[in-house]
Amino acid sequence: MKNILVTGGAGFIGSNFVHYLLAKYPDYRIVAYDKLTYAGRLENLKPAEGDPRFAFVRGDIADRAAVDAAIRQHQIDTLVNFAAETHVDRSILSSEPFVTNNVAGVTTLLEAAREFKLERFHHISTDEVYGQIPEPKRSREGDPFETRSPYSASKAAAEHFVFAYFVTYGVPVTITRGSNNIGPYHYPEKAVPLFTTNAIDNEPLPVYGDGRQMRDYQYVGDHCEGIDAVLHRGQLGEAYNIATGVETYNIDMARQILDILGKPHSLIKFVPDRAGHDRRYALDVSKAKALGWESRHTFSQALEQTVRWYVDNEWWWRPIKSGEFRAYYEKQYGARLAAAK
Ligand code: NAD
Ligand code: DAU
């Protein structure tokens, strides 16, 4: 393993993974391959600019000729796929791009992996494939998929194809299923960066429903380490959960952000809920721990570090929030905030 194609490498976790690999493995060459949708941003890759071990290719994972050209040109032996439409709320507005990118795009990559006989095809999946989990249960890797949103349905479909290519064609695959990530370069449509940047500007924090949904918020660097552990020490054909194993209520996450910033809790507004909102995700992470990996940040440490990054990096998020995002925000939150309690 030395020439790695990181698809979706200009997005939130993909770009953090690129920086992680460059810092940890001096012998690896990393190619970020990304279509640059609204969520893919070249600014996220700025720290890698000028590094001779790094290259960027603009391309679509569903474009077989472009994928083949990148693999050939850079003599790729390993592919790590982050590329996807990732926002649950957008999948409720329209599921079509989720099918095209998250399902058809992945099958295109698998065909390329098969033809080029790549050493490894690692696929990034999500805890959302298990659906909502009642307390005190924790999802284990063998549990059934019970997806409820168009986004999670598309991620589950992709996983089925990844596994099918392992069984049918012997493509050497591994899969990781991560919980909610937080950290630098997180597009501010997602709850933690949205709440943080709204709070900085004294704008309301739109908490869905009663705010008592639970998520396992992990620091993105810990997730990258988990992916690395599976990439280097995981069993072919296996999936691994990656999370802290500790869940937090959304309302507590919102209050902690306000406390870190010294802002009043009155900025919290309870708005009408997300359709089909999953109440709780919770993962059993013993399989990944058996590889010698462990999450290193507590929720409070991860949140503190994340909020500080947004305070220190307005250059990154202010232009995003004043662009296409404004129309999206109005569509998603205009009526909701008007109905807020
Ligand atoms: P993101 O939305 O920040 O980034 C996705 C990237 O994929 C963008 O750069 C986008 O331009 C690119 N992309 C989309 N469609 C593409 C296509 N057809 N061809 C090439 N590039 C394309 O997402 P993220 O939060 O970094 O998530 C990355 C991966 O991790 C996704 O597969 C997601 O399902 C998974 N995941 C995310 C989380 C989380 O909390 N963010 C948790 C678990 C799993
Ligand atoms: O669990 C892993 C998943 O985490 C990833 O697979 C997804 O790609 C990623 O987007 C994330 O999905 P969520 O739906 O959990 O993340 P989001 O940040 O959108 O929402 C987190 C929680 O906060 C969720 O319970 C919904 C709630 N929420 C979200 C937004 C955007 C609010 O209460 N208000 C909001 O405005």
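The questions and answers below concern the surroundings of ligand 2 and the two domains in this predicted model.

Q: How many residues surround ligand 2, and how do they divide into nonpolar, polar and charged?
A: The residues closest to ligand 2 are Asp127, Tyr151, Arg274, His277 and Tyr333, and they belong to a shell of 26 residues. By residue class, that shell divides into 11 nonpolar, eight polar and seven charged.

Q: Which side chain has an N or O atom 2.5 Å from an oxygen atom of ligand 2?
A: A polar side-chain atom of asparagine 180 lies 2.8 Å from an oxygen atom of ligand 2, and for tyrosine 151 the corresponding distance is 2.6 Å. The distance of 2.5 Å belongs to the side chain of aspartate 127.

Q: What share of the accessible area of ligand 2 does the protein cover?
A: Polar side-chain atoms, including one of tyrosine 151, lie at short range, here 2.6 Å from a ligand oxygen atom. On its own, ligand 2 has 680 Å² of accessible area, and the part of this covered by the protein is 94%.

Q: Which domains each give at least three residues to the shell around ligand 2?
A: The elements α3 (88-93), α6 (191-200) and β8 (205-208) each supply at least two residues of this shell. At the level of domains, at least three residues come from each of domain 1 (3-182 + 217-242) and domain 2 (191-214 + 247-276 + 299-338).

Q: Which three residues supply 36% of the area that domain 1 buries against domain 2?
A: Contact between the domains involves 17 residues of domain 1 and 24 residues of domain 2, and the area buried between them is about 1800 Å², with 56% from carbon and sulfur atoms. On the side of domain 1, the three residues that supply more than any other three are Asp89, Ile182 and Tyr217.

Key
Residues numbered from 1 in each chain as written. Chains lettered and ligands numbered in written order. Predicted model: local features only at pLDDT ≥ 70, side-chain atom pairs only at ≥ 80, totals over all residues. Heavy atoms only, no water. Near = heavy atom within 4 Å. Polar contact = N/O pair within 3.5 Å; in protein donor to acceptor, adjacent residues only side chain to side chain. Areas by Shrake-Rupley, 256 points an atom, 1.4 Å probe, with all protein chains shown as cover. Helix = DSSP H or I, 4+ residues; strand = E, 2+ residues; numbered from the N terminus. Nonpolar A, V, L, I, M, F, W, Y, C, P; charged D, E, K, R; others polar. Domains from an automatic or database assignment. Contact = heavy atoms within 4.5 Å. Buried area = accessible area lost by both parts, 1.4 Å probe.
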